Amino acid sequence: MIGKVKSKVILLPCSSYREDFVYASLKQGIDLLGGLEGLIGKKEKILLKPNLLKKAETDRPVITHPAVVGMFGKLLREEGYENIILGDSCGVGSTSRVISGTGMDRYLERLNIPAVDFSAGEKVKYPDGIQAKEFILAREILDSDCVISLCKMKTHALERITGAVKNSYGFVYGLHKAKGHTQYPSADSFARMLVDLNRFVKPRLYIMDGITAMEGNGPGSGDPVAMNVILMSADPVALDSVFCRLISLKPQMVPTNYHGEKMGLGTWREEEIDVLTPEGSMHMEEIVKRYGNPGFRADRRAVRHGIWERMAKALNIFQKKPYIDESLCVKCGVCVRSCPVPGKAVDFKNGRNKAPVYDYKKCIRCFCCQEMCPEKAIKVK
């Protein structure tokens, strides 16, 4: 470690989404990073990319909270940044529809920051990619000089957590996101693709809304839990690893962290990360003691390796599977429409008056159905 520059992660205690609290925390964090001008040129075209999975009430921690987006936008405007837009390739619906009525739309209107619906996709080659050699990205991403990722602290059925690295999947245009799950069906291949995606786009800064996080059946149907922090870093792997440590999850158990370090995106290793707080640099042990939540409901089960893993897959046993709680299912069909598998791994095989049924021989365990279910009726076992 002699001579190696550590990755800097900013941890900001913040107990409320009150505008003054969030604004003060974000301003402190930017100051600890050395100021906005050291990160973003005044003439650059900036795209803000929040997590806009689907339309949801703000008391459900599904999307990046409007106050975090709004107060960061306010900081940019106060520092004289003029060319700013906001957008995401949402799981369901467009940017404008998902933010409508959440309060994010009002913040953006006051700040004169357009919320754009991604207009088209463009194929880009990435010969340096390890897992992915090309992407279909939203044109607005490619037209931007600087991308700022405003992610949400949540659990995820496939990757264990969704945070900084995973938020970048919203750069992929429209239906090509669903196609990506069939191209990269395992947690490891999907993680490596995400790492390549981050390496290609190179977001300038990652800011994680962890004031109210999501535990349990994330990323769309979990439960709110107070974590009372905002995290910032230019290293998404380091940021996500601090999130992991706060919830007593070994960072290397998260595929995006493990492969992110192997592929040179960032580091999950404690000795290579400097955590800064308003009180100064702090050891990870103290960070976890002060701000951690060991009871946070996340998947901490060990992954099987070698022959046992191959046997389990071949016999279709001991695999995580989505299942439908029929008492909660309203037969809306969102799960069927969300399934990226040709021929559908979940469908109305018994008619529209009964809950959809899974064909686990087709199911690739991408959990898009569980992610997009609006009724919390799909769980993973």
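**View 1. The buried residues of helix α2 are P66, A67, V68, V69, G70, M71, F72, G73, L75 and L76.** Keep in mind that you're looking at a predicted model. Helix α2 is mostly covered, with 10 of its 13 residues buried. So what do the buried residues of α2 pack against? Their partners are α1, the strands β2 (46-50), β3 and β8 (205-215), plus α4 and β6. You can also check the helix with a ruler: at 1.5 Å a residue, the 13 residues of α2 should span 18 Å, and the C-alpha atoms at its ends are 18 Å apart, so the two agree. Just past α2 comes G80, and its phi is positive, near 90°.

**View 2. Helix α4 (residues 104-111) has M104, Y107, L108 and L111 as its buried residues.** Why do these four sit on the same side of α4? Because they cover an arc of only 95° around the axis. Now go round to the face turned away from that buried side, and you'll find the exposed residues E109 and R110. The cover over the buried residues of α4 includes α1 (19-32), α2 (66-78), β3 (84-86) and α3 (95-99). After α4 comes N112, which has a positive phi, near 55°.

**View 3. Here's the second largest pocket, with a volume of about 720 Å³.** How many residues line this pocket? There are 37, and S89, C90, G91, V92 and K177 are the ones that lie nearest its centre. Several helices and a strand chip in: β6 (146-156), α6 (164-167), α7 (176-183), α13 (334-338) and α14 (368-372) each supply at least two residues of the lining. Sort the lining by class and you get 15 nonpolar, 13 polar and nine charged residues.

**View 4. T267 has its place in the loop between α10 (255-262) and β10 (273-277).** Is T267 buried or exposed? Its relative accessible area is 5%, so T267 counts as buried, since the cut-off for buried is under 20%. Who touches T267, once you leave aside its neighbours within four places in sequence? The contacts are S7, D235, V237, A238, S241, E261, E272 and I273. For a sense of how the chain folds back here, try A234: T267 and A234 are 33 residues apart in sequence, and their C-alpha atoms are 11 Å apart in space.

Key
Residues numbered from 1 in each chain as written. Predicted model: local features only at pLDDT ≥ 70, side-chain atom pairs only at ≥ 80, totals over all residues. Heavy atoms only, no water. Buried < 20%, exposed > 50% of the residue type's maximum accessible area, 1.4 Å probe, protein only. Arc of directions from axis to C-beta. Contact = heavy atoms within 4.5 Å. 1 Å grid on protein atoms, 1.4 Å probe; cavity = no way out; pocket = protein on both sides within 12 Å on 5 of 7 lines; lining within 4 Å. Points joined across faces, edges and corners; volume = space filled by probe spheres on them. Nonpolar A, V, L, I, M, F, W, Y, C, P; charged D, E, K, R; others polar. Expected span 1.5 Å × (residues − 1).
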